[in-house]
Structure formats: C-alpha cells, structure tokens
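Q: I should like to take a close look at a single part of this model. Please describe its arrangement step by step, and then set it against its surroundings.

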Amino acid sequence: MTFQDLNLTTPLINALEDLGLSTPTPIQEQSFPVILSGRDMVGIAQTGTGKTLAYLLPLLKTLKYSEQKNPRILIMVPTRELVVQVVEELEKLTTYINARILGIYGGTNINTQKQLVAQGLDVLVATPGRLYDLAINRDLQLKSIQKLVIDEVDVMLDLGFRFQLNNILELLPANRQNIMFSATMTVEVERVIAEYFRNPETISVAASGTPLENIHQQMFEVPNFYTKVNLLQHLLKDKETFHKVLVFAGNKRIADRLFNQLDPLFPEECTIIHSNKTQNYRLRSIRQFGDGFCRILVATDVMARGLDIEQVSHVINFDTPAYPENYMHRIGRTGRAEREGQSILFTTSSETEALEKIESLMNRKIEVSPLPEAVEISSELIPEEQPKDQEIYNPLSHTDEDKPGPAFHEKSEKNKKVNLGGSYRREIKKKYKKPKTRGDKNYNRKKKK
Ligand code: ADP
Ligand code: MG
C-alpha cells in the first residue's frame, strides 16, 4: 500500500513526495476511507503512529477552493505547540494547493488574531480556550464548519478543557462530521463521544511493534484496593529486582490514594505524576524517577505518555484498564530496546470483562500467579468499592411532602459510619499496637503537637 493507492490528488502526492513520505501508516490507511465517507470517526493509536496525516490527508483531498470567509474545517488541539505543529504540517501539505490556513492560541495578542480571522480562511487550527473567546465575541463565525477534528482529546480533557470543548461543540452547526483522535481511551473521552458523535466508526490500532516477546506478563487476582496495596508492598520490598517500577493507576484519585499509602511504606522512594500536579512537580517527579533517585513512580495513563524513560524494570498495573489499548501502552514502557521487561497486572473480579478484552487484543492469556502467603487480605473497602445498591434518599420518590422521611436520617447515620476517615490507620494501630512504619510515627507525632 502506497499513498498513490489512496487516490490522492496530484498536488497532495507531490507534497508528500517532497516530504519523503511514500507509505501510509496503519492508522492513516484505515482512517482514510472512513473520513472520506463523511462518517463520524474515533481513532485510537499510540503516539507517533502518524495520526496528524491520518486526518489531514482525507480532509485536504475533499477541500474545495472557496472564497468564503468563514472556516469550513476546524481542528482543535490541546496546546499551542500542537497548533504550531499542525499548521506547519498543513502548510507543507498544501504547497501546491490554494488553501488558507490559520492557527490561533491563547497567550498572544487577540487583536492580531481577530484581524487574521477577518481576512478569511478555510482551515482553522485552534486551542479550545482562545477559540471560544473569539467565537463568543462574534469575531469568528463557526456556522460554516462542516468537519471538526478533535486531536489528542485525551490530553485536552486531562488538561481540564471539557467545559470549553462542550461550549464550542454547542456553537457548531449540527450537520457536521466529527472526527476524533486520541492515544488513550478514557471514560471522559467516551462521554464526549456519547454526547456529540453520531454512530461513529472506531478505528483502533494496537501499539504496533510492541515487543510483546520481550515482556514477561503475569497477573494476580486481588480482591480490593487495600489488598493490592499489601501485595504491592510485598513485591516492592525486593529492592534489587524491583529497581525501577512504574505503577499505573486508572485515575488521579486512585493514584493519589495509592501514593498516600506507599509513601510512608517506602519513604523517599516514591514519586507521583498526574495532571493535577503542577508543571514543576511533574518535571521533578520525572527527573527523580529517571535518574533513579526514586525507584517507584505512580502515574496515570495520560500522563505517562509524555515520559520517555529507559530501563523500567517493572510496569505494575494497579488496576485493569477498561480499554485494552491502554494496557498495551502501559506495558510498552518496559522491555524497551531489546531488554527483558516485566509486567504485573492486578485484577479484581469486577474487572473480568476488561481482562478478557486485553487478552483477546493480544491473542494470548496472561499467566495467573497465586497471591503470596505473606500478603494479607484486607476486607476494608475504599468508597469506590462500597456496594452501590444502598438506596439513596430521593425526595422526588416521596409523594407525601409533609411527611418527614425517617429513612433519610437512618441512611445518613449509616453513611457516616461507612465513611469514617482514617479507619485504615486505626485498624493498623489495633493490629500492631504501635506505629507500623516511620511514616506513621511521624504522622502521630505531628498530630500530638
Ligand atoms: P501522532 O499524532 O500519532 O503522535 P504524528 O502525526 O505527530 O503522530 O507523526 C509522528 C511522526 O511520524 C512525524 O514526524 C511524521 O512526520 C511521521 N510520519 C507520519 N506519517 C508518516 C508516514 N506515512 N511515513 C513516515 N513517517 C510518517
Ligand atoms: Mg498527534
């Protein structure tokens, strides 16, 4: 398969030739007919697989010359660096095409951008914030947008652009084609798709060339969060084997919760990265882990994408990712450069479906290891694990408004009990009679003051 086979226009073929590109990547090959067909599309593929050209080529192929002022194609990206990058790519591809391209982003003079918009354009590349400012003040008309691309949508949502994204989507004409690209699939991404996309075709390219052969995979069946912590603690005690460990958690909350447990157990050996941490904090975490100063890094899926860290001894999946591609991305962090890598998956009975998806994507089973005897099974549950079948007091379901709801008081008492903060520490204290680790001792000392 070559770019010639995609029936591109001669000016595009020539531009690709100038760039020295001849063969489409898998995501490019598979997205092309779907985008041309006008259907909504969701593309999931790892970083570096060529997603930019995957949408630019079919869009440019169908872009007709026009003199109208308002843009017809809108490409939204999360950062200004990406605006610049996509604009550059567009300019190279349109060397032999008459197309008006404009990139806009925050942090620069908005009046200059207003003037540029006023000159008329075909393709607009923008970050959501600045785009919204221009659109809401009517400096930019979005009524002619026929095709929308949301690129790196996982990063966009992780950076907190959901509000702006929703607002912009509401401003766009209903009759448009929606295209989205992402390296990871998340619950939030899925929510955007469910709300705004019409029957999209999903194209998912499993991390190509993932050196699965280099990565030894195993898993433990673990009932809950605290037992996972106990198991992780047990494993990490072996500092020689587990010398550079990347621990993945499904979301920021679990990542924080896990870090708060691990940090006192392994003082000065742990660090954490997720999008709620400041840029400085994140950079320091990466440096400390990369340099080997900290041997344990807790990370979320999206954040770990920006990391290029060599010689990770183990990837530990603290939970089983619901989207199998994310598992492939995670384990691809170890076993690089011909080295043997180790991946350990923790899975609970509620994650069976996710596990099956992973195994079917890889077309292989992950070997189950028995839980080491030294690992204590905890029966304590975190709020996310509490059974959800308790009836929640719903005022609308009570028809007699004057009647006080005794059930309401009962429930709130009950809830209070369930949510006792710090109960885990109390349990530990009961069991060991004295602070279990140095971290706990510090904690107690601080409290007494
Ligand atoms: P992604 O968005 O998936 O992370 P990019 O679109 O930024 O990836 O592309 C990554 C790199 O691969 C870029 O340097 C790009 O020029 C290059 N590239 C893209 N498509 C091809 C191709 N068909 N053949 C060779 N290189 C390509
Ligand atoms: Mg990209």
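A: The account below begins with one sheet and then turns to other parts of the model. This is a predicted model, in which local features need pLDDT of at least 70 and side-chain atom pairs count only at pLDDT 80 or more, while totals for chains, interfaces and linings use all residues. Residues are numbered from 1 along each chain as its sequence is written, chains are lettered from A and ligands numbered from 1 in the order in which they are written, and side-chain values use heavy atoms, with hydrogens and water left out.

The chosen part is an open sheet of seven strands, whose order is E10-E11-E9-E12-E13-E8-E14 and whose pairing is parallel. Strands (E, at least two residues) and helices (H or I, at least four residues) are DSSP runs numbered from the N terminus, and two strands pair if DSSP finds at least two bridges between them. Strand E10 (270–273) and strand E14 (367–369) stand at the edges with a single partner strand each, so one side of each is left without a neighbour in the sheet. From one strand to the next, the twist averages 25°; such angles run from 0 to 180 degrees between N-to-C directions, with axes fitted to C-alpha atoms, for helices over the stretch in contact.

At the E10 edge, four bridges connect this strand in parallel with strand E11, residues 296–300. Here Thr271 has Leu297 of E11 opposite it. Helix H11 (residues 252–265) lies across E10, E11 and strand E9 (245–249), and runs at about 170° to E10.

Strand E13 deserves particular attention. E13 covers residues 341–347, and six of its seven residues are buried, where buried means under 20% relative accessible area, exposed over 50%, and partly exposed in between (1.4 Å probe, protein chains only). Strand E8 (residues 215–221) is joined to E13 by seven bridges in the parallel sense, and Ile215 has Gly341 as its bridge partner in E13. Strand E12 (residues 314–317) also runs parallel to E13, with four bridges between them; Ile316 stands opposite Ile344 of E13.

Ser343 shows the setting of one residue in detail. Ser343 belongs to strand E13 and is buried, with a relative accessibility of 1%. Leaving aside neighbours within four places in sequence, Ser343 is in contact (heavy atoms within 4.5 Å) with Ile215, His216, Gln217, Gln218, Val315, Asn317, Tyr327 and Ile331. The side chains of Ser343 and Asn317 make a polar contact of 3.5 Å. A polar contact is a pair of N or O atoms within 3.5 Å; within protein, one must be able to donate a hydrogen and the other to accept it, and residues adjacent in sequence count only if both atoms are side-chain atoms.

The model also holds an open sheet of seven strands in the order E3-E4-E2-E5-E6-E1-E7, again with parallel pairing. Strand E3 (101–104) and strand E7 (201–205) are its edge strands, each pairing on one side only. On average, neighbouring strands of this sheet are turned by 15° against each other, direction ignored. Four bridges link E3 and E4 in the parallel sense, and Ile104 has Ala126 as its bridge partner in E4. Helix H2 (residues 26–37) packs on this sheet and touches strand E1 (41–45), strand E6 (177–182) and E7, with a direction that makes about 170° with that of E7. Helix H4 (residues 80–93) lies across strand E2 (73–76), E3 and E4, at about 170° to E3.

The nonpolar cores complete the picture. A nonpolar core is a set of buried Ala, Val, Leu, Ile, Met, Phe, Trp, Tyr and Cys residues joined through side-chain atoms within 4.5 Å. In soluble globular proteins, nonpolar side chains tend to be buried together. The largest core has 38 residues, of which Leu8, Tyr55, Leu57, Ile75 and Leu90 touch the most other members. Helix H3 (residues 51–62) supplies the largest share of this core, seven residues. Apart from this core lies another, of 34 residues, among them Ile44, Leu102, Ile104 and Leu148.
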